[in-house]
Amino acid sequence: MKQNANLAKNYEPKAFEDRIYAEWENSGAFRAVIDRAKKPFTIVMPPPNITGQLHMGHALDQTLQDVLTRWRRMQGYCALWLPGTDHASIATEARVADDILSSEGKSKYEFGREEFLKRAWEWKRVYGGKITEQMRKLGNSCDWERERFTMDEGCNRAVREYFVKLYEKGLIYRGNRLINRCPHCGTALSDAEVEHEDKNGTYWYFRYPGADGGKDVVVATSRPETMFADVAIAVHPDDERYVSMVGSQVYIPLTDRLIPIIADTYPDPEKGTGAVKITPAHDLNDFEVGERHGLDKPSCIDENAAMTGLAEKYAGMDRFECRKAWVKELDSAGFLVKTEDKIIPLGTCYRCDTVIEPFLSEQWFVSMAELAKPAVLAAKEGRLTHVPEHFEKTYLHWLSEVHDWCISRQLWWGHRIPAWYCDVCGKLIVAPDPPDRCSACGAGELRQDEDVLDTWFSSALWPFSTLGWPDKTEDLSYFYPTTVLVTGYDIIFFWVVRMVFSGLEIMGDIPFRHVYVHGLVRDGEGRKMSKSLGNGIDPLEIIDRYGADALRFTLISGVSAGSDMRFQTEKLEGARNFANKLWNASRFVVMNLLDENGDFLPARAEASAHLADEDAWILLKTTDTAAEVTRNMENFDLSVAAQKIYELIWNEYCDWYIEFVKERLYGGDEADKTGVRLVLVSVLRDILKLLHPFMPFITEEISGFLPPEEGADSPLLINAAWPETPAPDAFRPAAARIERAKDIIRSIRNIRAETSAAPSKLLNAVIVVSSESTETLKREERHIKKLAGLAAIEYVSEKNNIPEESASAVAGGAEIFIPLDELIDYKAEFERLSKEKIRIAGDIERLGAKLANPGFTDKAPERVVNAERERLVSCKVTAAKLSERIVSLEKKLK
């Protein structure tokens, strides 16, 4: 409480944002203390990577979470927002490896696994805390005492336990299957880690010569370099073109290797030639055909995307270089029939954009069929809801077509797979802790699997591992399941689905009740922010320039669930102007709460007996808005809620109420002034509470200059109670009278603007209204006269004596007339119209000469000539009206 002082003259967020955040954190305001008498509200933060820096996507995602957390905390919930960071296997390993290479000139393999991991942990220590400090700058009210890391001791134990449980149930297995491999990152990828994009490509049609004088077969392929690993040509069993050829053989062009023609339902007779080459080691669909027919699976491309010995003279060549040379050789030999430009789906690594290579490899997999079923039911039965709802279809569609999940990665940084191999008898041992010796033969020569787990495997446990699982902790029993997950639509498959089936499998319940899905933050032109475009915007730079509150309000007011938003400087400046408006209005209020000694003047509850209509109106407007905002928040319509708060503060409180009461504040009725102060401060306090989740810094700072709130448990606004007490219905008639007065004031202001009446000129108005309504309007006459700039108002029930030349409007159930004599400076208007008449006369002369010139009318397009004729007619009509008006003004000036 900053008593005996007022707010600084200018709004400067740098002056208080860091100080206020320290006050919140030091006071324990973010700490969620379990209270069984309270409802829990829980959000687990999507953990940002330790290699990362706060970007606009983080800023939006975390602002949404903070708004919800602060709101529920003020509503009396035990609100936990649990923060943390992700170890990000691929990204961190790449950064650390690059750091070692640049500083010591060594590859990670030369460095060795143990030394490399020491360096990675040191990297985490140095850089891992940077992003959390950046999050504090944004104003995140996380429970930092519960901060977690996906590779901390507790999370690592949870991962090992989960792996073993799934393995023992037969849901994790090791198999030689086709996986997605990134040659650059040097690891397997799950399907969700592959980004698919349609690209311009080519289909090459090659002739495979028939064996023993048999028919040739023409096959189309977009990957000629994989022909070396072909094991069959497949045709549809119902394709009459090939029925007689099934069982015969063809040669792979330019080789002496024969492959059979087989019948399978996979080929589409309508596509290409209807014949498809089958390469099980390099295409998922081909792999499945190969499994059905028991075909071999030779590889012609290795783990580094180089050609193997199967490619003979092309061995060791890059796959794409081989493609060019091989196609050229086939063409020269007469095996290329034709080429066709096609749009081809291309898969790339989500981390480095390298084209992935389907690769046959021994890997660890999660069997998804059984795990997916309860995750589907959770959504269909309404236990898990998506906001917006249409994302449920995306969620269900992915689960319906999910493949087994490849979870092993050929990396060093991450959760090492808890599996050991006995070098003596070959037994595989899966256990949460390292075994001392082989359970089969007793040998002690055990070797742990070299691979680590997919980052998303540990992230899938985040909602319960962070709360203490596998132990039965009080946090876990109270805060799980969590309430809402806030996330971008781009990681629904990576993360959301996996958390759901993991939570159902381990905890027997969904990990969260709601999934709030937001879009991406794009630049002002709608483009995705990226390094290559150079259009990224650093949130910390924005905070430094405009303040965190302006950034937060810009993001929230621009977001619509599930949709991308454009980040525009104009909106940011608008949010800053809004903060400045609130600051100045609050400064005015505080100034009127203090006496000459800087002490608070009386503003007591008993002063409510002196409520005027405008007091009742603003109190009702505030509580009605609070109720609407609460409903919006409950429906996750956060931008709508923010807009309503904005309108309440800017339009109703600042532009109307403060203007209504200035005269009373400066008057001599002390009891009335006490009543005004009461309403000013109570409404200001409530609108600060409503705005606090969205703009926490400025609201906390302003709140500290207000008198202590009676019954408050804490002087900090972050701990204040959310406004939920409705104003009495008895206030509604007074509020209706004020709304009517506002309509009339707005109408008169519009008339003044349209007629360019001087702001300082006081006008006389005639209001035609029924006799019973006259008394109602007279109650608000002081407001109408003051704010509309009127000297006097005449109330009449008939329009008989209204001056003929009057400006008029209809508002509030009344007709308003203001004689033009009141509005217009006739001398100035006469001079203005005379100048306009001269200008129009010049236009008429110029257009007339132009249209009399055959050089124009004969040569110009007809539409151009007609347009000029229409302009001439219009100018003549305008000139006639100007002349009439000038004559009328001359009479008034005589």
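Here are some worked exercises on the helix packing, sheets and nonpolar cores of this predicted model.

**Exercise 1. Work out how helices α18 and α22 are oriented relative to each other, and which residues make their contact.**

Solution.
- Start with the spans: α18 covers residues 569–593 and α22 covers residues 696–703.
- Next, the geometry: the two axes come within 11 Å and cross at roughly 5°.
- Angles under 35 degrees count as roughly parallel, so α18 is roughly parallel to α22.
- Now pick out the residues. On the α18 side you'll find A579, L582, W583 and S586, and on the α22 side I698, E701 and I702.
- Sort them by type and you get 5 nonpolar, 1 polar and 1 charged.

**Exercise 2. Do the same for helices α11 and α15.**

Solution.
- Here α11 spans residues 391–400 and α15 spans residues 492–506.
- Their axes sit 11 Å apart, and the packing angle is about 80°.
- The range 65 to 115 degrees counts as roughly perpendicular, so that's the label for α11 against α15.
- α11 brings F391, T394, Y395, W398 and L399 to the contact, while α15 brings I492, F493, V497 and V500.
- The tally for this contact is 8 nonpolar, 1 polar and no charged.

**Exercise 3. Lay out the sheet that contains β7, and find what lies across β7 and β13.**

Solution.
- Write down the strand order: β8-β7-β13, an open sheet of 3 strands with antiparallel pairing.
- The edges are β8 (217–221) and β13 (336–349), each of which pairs on one side only.
- From one strand to the next, the twist averages 20°.
- Take the β7–β13 pairing: β7 (residues 194–208) and β13 are antiparallel over 13 bridges. To trace the register, match F206 with L336 of β13, and E197 with L346 of β13.
- Then take the other side of β7: β7 and β8 are joined over 5 bridges, again in the antiparallel sense. Here Y208 stands opposite V217 of β8.
- Finally, look for the helix: α9 (residues 319–332) lies across β7 and β13, and runs at about 25° to β7.

**Exercise 4. Find the edge strands of the sheet built around β18, and say what being at an edge leaves them with.**

Solution.
- The order is β19-β18-β20, an open sheet of 3 strands with antiparallel pairing.
- That puts β19 (428–430) and β20 (446–448) at the edges; each has a single partner strand, so one side of each has no neighbour in the sheet.
- The average twist between one strand and the next is 30°.
- To fix the register, note that β18 (residues 419–422) and β20 run antiparallel with 3 bridges, and that C422 has L446 of β20 as its bridge partner.

**Exercise 5. Describe the largest nonpolar core: its residue count, its best-connected members and its main contributor.**

Solution.
- A bit of background: in soluble globular proteins, nonpolar side chains tend to be buried together.
- In this model the largest nonpolar core has 146 residues, and Y653 and F694 have the most contacts inside it.
- Helix α20 (residues 638–665) supplies the largest share, 14 residues.
- Zoom in on Y653. Leaving out residues up to four places away in sequence, Y653 touches V589, I618, L648, I658, L680, V683, L684 and I687.
- Don't stop there: another core lies apart from this one, with 74 residues, including F163, A375, L411 and F457.

Conventions:
Residues numbered from 1 in each chain as written. Predicted model: local features only at pLDDT ≥ 70, side-chain atom pairs only at ≥ 80, totals over all residues. Heavy atoms only, no water. Axes fitted to C-alpha atoms, helices over the stretch in contact; angles between N-to-C directions. Helix = DSSP H or I, 4+ residues; strand = E, 2+ residues; numbered from the N terminus. Parallel < 35°, antiparallel > 145°, perpendicular 65-115°, else oblique. Contact = heavy atoms within 4.5 Å. Nonpolar A, V, L, I, M, F, W, Y, C, P; charged D, E, K, R; others polar. Pairing = 2+ DSSP bridges. Core = buried A, V, L, I, M, F, W, Y, C linked by side-chain atoms within 4.5 Å. Buried < 20%, exposed > 50% of the residue type's maximum accessible area, 1.4 Å probe, protein only.
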